[in-house]
Protein chains: 2
Amino acid sequence: MKETINVSWMDGMAFEANVSGKKIIIDATENVGGKNRGPQPKPLMMVSLAGCTAMDVISILEKMRVKVDKFNVRVEGELTEEHPKHFSKMNIIYEFTGKDLPMAKLKKAVNLSQDRYCGVSYNYRESFELSHEIRIME
Amino acid sequence: MKETINVSWMDGMAFEANVSGKKIIIDATENVGGKNRGPQPKPLMMVSLAGCTAMDVISILEKMRVKVDKFNVRVEGELTEEHPKHFSKMNIIYEFTGKDLPMAKLKKAVNLSQDRYCGVSYNYRESFELSHEIRIME
């Protein structure tokens, strides 16, 4: 399967990304010459990871007939200080809100994503440490 | 250095990502239960790569006093067919438009990004083959 995306220079450090017909503006922050008109490129690596595993988990929970009221996935990343400044670690925090949520099923859904379905996790794990936590919120 | 992003479930397969104050909706396509309201997670890995190296190159060219009229970065990615469906290869195509563009300087800027500055390239190269091409457009 093939995918193609394109980014076109606007001005300064801003680029318009075209992703299967959807447009996103990406930009750098002011301290590195940008105008902060959109997300920076590196955090998008984390959004890609969070979205990939979150979609796995929500669809697995649906098949398991587990109903959640709220579901957030937070990713914390650590970047090296020296060039090339790259991710050395990411931690994924799965936060579920709902009535009498069954922790065993939540764990199973998360583990299926991490071990079998989430290709972004697979790619990243070859480059840096990837950990995760599951939290049931009050 | 630390970064944090969050994605919150909206409904179906749609999530709202919050990236340093900027919001992006991500969604799945209709064939996997989504409504295609925003980019899918995996192509965002390619946007992250394109944006990271494109910002390097445009700022290096500015220091070299090379003026380009247009600058696009296209990324072509190949995904495996089997689970976990992950990237097995990406190719970056740098396309420059301008008057009498000096290929040697364009190459130098791209190589500096690929070899020294682009942390996304560094991470990805540990997981799959990453190639690139430079094109001067008519």
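Which element gives the largest share of the lining of the largest pocket? Hold that thought. First, a caution: this is a predicted model.

Let's start with chain A. Its domain assignment gives two parts: domain 1 covers 1–39, and domain 2 covers 41–137. Their centres, taken over C-alpha atoms, are 24 Å apart.

Now the pockets. The largest pocket has a volume of about 890 Å³. Its lining counts 31 residues. Nearest its centre are Met13(A), Ala28(A) and Val32(A), along with Met55(B) and Asp56(B). So look at both chains when you find this spot on screen.

Back to the question. The answer is α1(B), with 9 residues in the lining of the largest pocket. The α1 helix of chain A, 41–63, and α1 of chain B, also 41–63, each supply at least two residues there. What about residue classes? In the lining of the largest pocket, 16 residues are nonpolar, 7 are polar and 8 are charged.

Next, the second largest pocket. It holds about 700 Å³ of space. Its lining has 21 residues. Closest to the centre are Asp56(A), Val32(B), Gln40(B), Lys42(B) and Lys85(B). Again, α1 of chain A and α1 of chain B each give two or more residues to this lining. Here α1(A) gives the most, with 6 residues. By class, the lining of the second largest pocket has 11 nonpolar, 5 polar and 5 charged residues.

To recap: α1(B) leads in the lining of the largest pocket, and α1(A) leads in the lining of the second largest.

Note on methods. Residues are numbered from 1 along each chain as its sequence is written. Chains are lettered from A and ligands numbered from 1 in the order in which they are written. This is a predicted model: local features need pLDDT of at least 70, side-chain atom pairs count only at pLDDT 80 or more; totals for chains, interfaces and linings use all residues. Side-chain values use heavy atoms; hydrogens and water are left out. Domain bounds come from an automatic or database domain assignment. On a 1 Å grid over the protein atoms alone, a cavity is a set of points where a 1.4 Å probe fits but cannot get out, and a pocket is an open set with protein on both sides within 12 Å along at least five of seven lines; lining residues have an atom within 4 Å of a point. Grid points are joined across faces, edges and corners, and a volume is the space filled by probe spheres set on the points. Helices (H or I, at least four residues) and strands (E, at least two) are DSSP runs, numbered from the N terminus. Ala, Val, Leu, Ile, Met, Phe, Trp, Tyr, Cys and Pro count as nonpolar, Asp, Glu, Lys and Arg as charged, and the others, Gly among them, as polar.
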